[in-house]
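Welcome! Have a look at the structure below, then work through the exercises on charged side chains at your own pace.

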Amino acid sequence: QENQNLGTEVVNVVKPYSPTISDAFKVKETPSLNDSVTTQKKPVRYSIFSVPAASTFTPAKGTAADVEKQKRLKLYDNYVTLGFGNYTTALAEFYSNWQLSRTDNFGIFLRHNSSQGDIDGVELPTDYLDTQLDLSYSSFQRDIAYDFNLNASHESINWYGLNPNETFPQDVKDGIDSKQSYLSFKIGGGVALEDSYLKQARGTIRYTSDRFNTSEIHAKITPQIILPITDYDFLVDVDFDYLGGNFERSYLSTLTPINYGFLNIGVNPALVILKDDLTLHLGAAFYFGQDLENSDSDFFIYPRVRASYRVVDELLIAYGGLEGELRQNTFYDFKEENPFISPTLSIAPTDQLYDGYVGLKGKLAGNVGYNIRGTYKRENNRPFYMLNPYKGASSGFEGYEFGNSFGLVYDDLSTISAFGELKVNLTGKTSIGVNATYFNYSTDMLPQAYNLPEFTAAATVDIAFTDKIFAGASLFFVGERIDVLSDTFITTLPVQVTLDSYLDANVYANYRVNEKVSIFVKGSNLIGENYQKWLNSPVQGVQVLAGATYKFNW
């Protein structure tokens, strides 16, 4: 650095540098290895020094382990049950089955349930009676199966729900004949065929009458035809539904009888597709409905679509549908749901435009099942129960004209509902189930959806403690409902009444003494509340029933 005069140097470039890659070539000969270190491998020999040893061990022969089997319960063809409880309640049942041949069977079932009532705070009789007789015959052949059945029933109740806000003279109360009785006879049967386009057909005819000369005939025939189309089935359901009946009078006039008659004919073609995890039911329903009394007819078309898809095997199944129907309302169905109806009803079918629903269901951990569903339904001419008007304190009226019976009103109804259910099966001996449903109603003309609750819930549990002891419990909750109190003379304005929600708790226990004899005890409405399922008609309080069952063969 001290010498700043470094000088200069000249570099001459002859040509620019151009690198190249030589061609690769394969060595065609294996080179010989000449290494003084490499030596030839010597063979290795192994030898065993064998010495005989004396043994005194003798192996024992193996035996199969025994599987502990439960003793198979012997099945009996007949049984008799007798039970008695408070409120002078009596229960009797008899069942018998005869195997006429290898393919044919005949059965009989007789059931009787009655009580003297005696509900606290009720001044009219509250006794009831229900007797049922069923006869059945069935035959299962190689290519055909058919059955016939006959049902006869007799039911007796009282219109005991007097308005507690009204004052009735004693002579008027003594003169009220609140008894009502129902008689019903049904004949039915069905046939199922193998290797035939007519897959099955069923038919029933029922006659219903009461103490006030009401009569009704309901006949229904429902054949089903199946037509295989390539890999899928094409189903055609046919529905012939006839209803005819009469009441001696209307509620407002003794001189005006009520006659009704309806004929509904429906055809429901549908294509059923089963493919992997998908199931589709694509169809529609075409109905011709005729009002025979008024010579009026109409034509209806309804969707009939259902689908389900296994998203994750049995864990998650998605399903949905859109379905409609022309529903035939009958006097028999009304009295089964509400026995306190008056024999003065206006009967008409309901046009259910559609019932759309979507949901998820499945199983968790193999023993927990669930189901959740949302629904939107639209119904035209939907019937509602409403308390009949009170006509006045006169002994000249019929037993159902004191504001103690129910009539029908019709209106169009839209319903949104949400349903949830959970079922648990523990160790195969304990099962638990809970469900709840919420409803939201919208009517067209009526101010309320009368006698329909906005919320219902239920819970059940069944336990098998041992092979001989079984027990269970159930709990039912029904939310508030709305009805109306009024009279025909318009002396007071109709009053809207809210029925309180109620909780009904029930238990049962069964002890099997031996193969033939078992004893049981049942408790109902254990909370003890005389709640009102229908306005002014309280139910019995705590009910206890005990009895025994005997099984036998002839």
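This is a predicted model.

**Exercise 1.** Find which residues are linked with E325 in a network of salt bridges.

*Solution.* Start at E325 and look for its partners in the network. The salt bridges link E325, R327, E379 and R382. For the wider setting, the structure holds 16 salt bridges.

**Exercise 2.** Work out which parts of the chain are linked by the salt bridge between R111 and E93.

*Solution.* First, check the contact: the closest N and O atoms of R111 and E93 are 3.2 Å apart, and the cut-off for a salt bridge is 4 Å. Next, place the residues: R111 belongs to strand β3 (residues 104–115) and E93 to strand β2 (residues 89–99). The pair, 18 residues apart, therefore links distant parts of the chain.

**Exercise 3.** Decide whether K173 is buried or exposed, and do the same for E123.

*Solution.* Begin with the pairing: K173 and E123 form a salt bridge, at 2.3 Å from N to O. K173 sits in helix α1 (residues 170–175) and E123 in the loop between β3 and β4 (128–140), so parts 50 residues apart in sequence are tied together. Now the accessibility: K173 has a relative accessible area of 14%, so K173 is buried. E123 has 58%, so E123 is exposed.

**Exercise 4.** Find where E401 and R249 lie in the chain.

*Solution.* Their side chains meet in a salt bridge of 2.7 Å, N to O. E401 is in the loop between β15 (368–387) and β16 (406–426), and R249 in the loop between β9 (232–247) and β10 (258–275). The pair therefore ties together parts 152 residues apart in sequence. Finally, both E401 and R249 are buried.

Notes
Residues are numbered from 1 along each chain as its sequence is written. This is a predicted model: local features need pLDDT of at least 70, side-chain atom pairs count only at pLDDT 80 or more; totals for chains, interfaces and linings use all residues. Side-chain values use heavy atoms; hydrogens and water are left out. Helices (H or I, at least four residues) and strands (E, at least two) are DSSP runs, numbered from the N terminus. Buried means under 20% relative accessible area, exposed over 50%, partly exposed in between (1.4 Å probe, protein chains only).
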